[in-house]
Structure formats: structure tokens, C-alpha cells
Amino acid sequence: MLRVVILGAAAGGGVPQWNCGCPNCRAARNGRPEIQSTQASIAITADGEHWFLINASPDLRQQLIATPQLHPKAGKLRHTPISGVILTNGEIDAVAGLLSMREGSPFTIYAHERVLSILKDNSIFNVLSEKNVARQAIEFDKAFEPLLPDGSPSGIEIVPFEVPGKGAWYLEGSSHPAGDGGAGDTLGLRIVDKASGNYLYFVAACAAVTDDVKARLAGAPLVFFDGTVWRDDELIAAGLGSKTGQGMGHIAMSGDAGAIATLAGLDIGRKIFLHINNSNPALLHDSEEREIAERAGWQIAADGTEITL
Ligand SMILES: [Zn+2]
């Protein structure tokens, strides 16, 4: 049995974002607390006891406080149920939470070489001593089983795969520590419960639904998918920024080339949008955009939701 907790549903900045006065952020502060959400991450377990984080968001500390499954075991002075963190990219909203895990408990970071090179290149991450916090490189289409701190198997198999995307924002205009060009900055994950064979896909960043992405996701029991923006020019149209969704490496929910249209008819059991930017009108429970998404069979992720597969 695979258990999943949505620790955070939002894209970078969260909802509300500290410096944002857009209608959604204002609503989240005033009278609509149900749309408040922390930055995207999920936790998974196969044995109900040992958990793995998929990405470590800057809101991790708050997320852990809110999630009893991830509290230290009663009666132990120092303990965490978290055995490892699997990183799907090197963006701030995926890696900054690692810095909140610096108090000496052992765990393993699993990430592509390109993302590991970013951690290595930033000396602040040395606070996670490699003696306690091992780094393990993961590769495209090579299944791996994350291990528990004592080296025993977790019962979870993960297959990373390439999705269209881009390198971390903060590297724009400077050279990538792993060299410019080459894939590995954005991963999708297939996550399988070895005992039952049940599985889910985690694709929190994806610039386009290619035939390869479609073929993988077809027939999946559960898919978490990039729900950053409703439309590609949303930030520009709202006067919030100069970047398009595509410019940030994210497909839009709507439109002919958007996620709703391109992932339709693939017989996916449950489809959940994750990594939702505070500009996205589908956040509001009574918006027309949310109704369109829900009518197409999509859910909008909410913090704290637990799902069993
Ligand atoms: Zn906002």
C-alpha cells in the first residue's frame, strides 16, 4: 500500500506570496483561508512508518509541524520518520527545505547529477554533512529503490524520466555547474509500491506534453501534474511579471496545447494539479476556470490531503 500526503500544493512563493497583492493572494489573506497553500512537495511511504519527501520546499518546517505522520516517534529524543528526499529539479522551491533538515538526522538525497552538482556548488548545502546525508545520483529510466537509514529496502521503486523543462531560474545568465546543455534539470517520477504494483506519477514541472509523456501517463491510477498557470501569459496579463508559463518551463492548464487538453482521453484514474501559482484563477473554489478543470476530471491539490493507493 502506498500512502501519499500532499505537504504543499503551491508553486514558488506559495499562496499568499509575501509580496503579492493579486486577487488570489488578497483573498487568501482575507476571508478565504482555504486557498492558502505552501510550496509543492509530497511525502510517500510503503510501510506507513518510513517516509520519503519528493522535493523539500522552503515551507518544509511548517509542513512537518502540520503533518503528524512525519513527527518524531513518541519516546525518542531524536528521531524522524523521513528516510530520504528525492529531488526532481534544483529550483529554490524544491531544494531550500533541505536547509531545514540540518540537525544531524541521517537521510539520503536522491537527485540527477545536474541537480547534485548545484547542491555541491553552493557551499551553504555543506551544512548537510555527507557523513549523515548521503547523495545518490539517479538516472533517466533507471529504476531505483530508496533505502531506509539502516540500508534495508523501502518497498518503493522509482523510475525517473526526462520531461521538457529548463534549468533553475537563478542559474539564468550564469553557467550551470554541470555544464551548459544536457538533460536532467527537470525529472518526472514513476513511483511504484513494490508489494501491490500500484503506482503514481509525479510531474510537478513540465513544459510540454510530448508523445513520450503521454505514453507513460496513459492508464496510470494517479498522476500529479504541473498546474502552475491557467494560461501561458497569465502573469503578464495580470501585471505580475514579464514571464510566460513556457518561459518558466511550465505548460498551461488551459488551451489546445495545455495539460487539460493534451492529457485527455488517456484513461488516467485520478488527475491532480500540483505546483499551482498564486496567479492561477483555478485556485478559487468558485471560479469558472476551476469548474472547467473539474469538469475535465481534474482536482486542484490542497495541503494536507492524504491519498492511499
Ligand atoms: Zn499573488
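This passage describes the sheets, the aromatic pairs and the zinc site of a predicted model.

Two open sheets are considered in turn. In one of them, seven strands follow the order β6-β5-β4-β3-β2-β1-β13, and their pairing is mixed. Strands β6 (133–137) and β13 (306–308) stand at the edges, where each has a single partner strand, so one side of each is left without a neighbour in the sheet. Direction ignored, neighbouring strands of this sheet are turned by 20° against each other on average. Within the sheet, strand β1 (residues 3–8) pairs with strand β2 (residues 41–45) in the antiparallel sense over five bridges, and I6 has I42 in β2 as its bridge partner.

The other open sheet has six strands in the order β7-β8-β9-β10-β11-β12, again described by mixed pairing. Its edges are formed by β7 (156–162) and β12, and each of these has a single partner strand, so that one side of each is left without a neighbour in the sheet. From one strand to the next, the twist averages 20°. Strand β8 (residues 187–193) and β9 are paired in the antiparallel sense over four bridges, with V192 standing opposite Y199 in β9. Y199 also takes part in contacts through its ring: the charged end of R190 sits over this ring, 4.1 Å from its centre, and ring pairs link Y199 with F161 and Y201 into a cluster.

The aromatic pairs number six in the model. One of them is the tilted pair of F202 and F224, for which the distance is 6.5 Å centre to centre and the angle between the planes is 55°. Because F202 lies in strand β9 (residues 199–203) and F224 in strand β10 (residues 222–226), this pair ties together parts that are 22 residues apart in sequence. F202 is buried, with a relative accessible area of 0%, and F224 likewise counts as buried at 0% relative accessibility. A stacked pair is formed by F273 and W298, with 3.8 Å centre to centre and 10° between the planes. Here F273 belongs to strand β11 (residues 270–274) and W298 to strand β12 (residues 298–300), so the pair ties together parts that are 25 residues apart in sequence. F273 is buried, its relative accessible area being 0%, while W298 counts as buried at 2% relative accessibility.

The zinc ion has as its protein donors C20 (SG), C22 (SG), C25 (SG) and N278 (OD1), which lie 2.3 to 2.4 Å from the ion. Along the sequence, these donor residues are spaced C-x1-C-x2-C-x252-N. The four donor atoms subtend angles of 101 to 114° around the zinc ion, and the arrangement is therefore tetrahedral. For comparison, the ideal angle at a metal with four tetrahedral donors is 109.5 degrees. Of the donor residues, C20 and C22 are both buried.

A further contact concerns I260, which is placed in helix α7 (residues 259–262). With a relative accessible area of 12%, I260 is buried, because a value under 20% meets that criterion. The C-alpha atoms of I260 and A296 are separated by 7.0 Å, although these residues are 36 residues apart along the chain.

Key: Residues are numbered from 1 along each chain as its sequence is written. This is a predicted model: local features need pLDDT of at least 70, side-chain atom pairs count only at pLDDT 80 or more; totals for chains, interfaces and linings use all residues. Side-chain values use heavy atoms; hydrogens and water are left out. Rings of Phe, Tyr and Trp (its six-membered ring) pair if their centres lie within 6.5 Å; planes under 30 degrees apart count as stacked, over 60 as edge-to-face and the rest as tilted. Buried means under 20% relative accessible area, exposed over 50%, partly exposed in between (1.4 Å probe, protein chains only). A charge sits over a ring if NZ of Lys or CZ of Arg is within 6 Å of the ring centre and within 35 degrees of the ring normal. Donors are N, O and S atoms within 2.8 Å of the metal (3.2 Å for Na, K and Ca); water is not among the atoms, so sites may look incomplete. Four donors count as tetrahedral if all angles lie between 85 and 135 degrees; four count as square planar and six as octahedral if opposite donors are over 155 degrees apart and all others between 65 and 115; anything else is irregular. Two strands pair if DSSP finds at least two bridges between them. Axes are lines fitted to C-alpha atoms, for helices over the stretch in contact, and angles run from 0 to 180 degrees between N-to-C directions.
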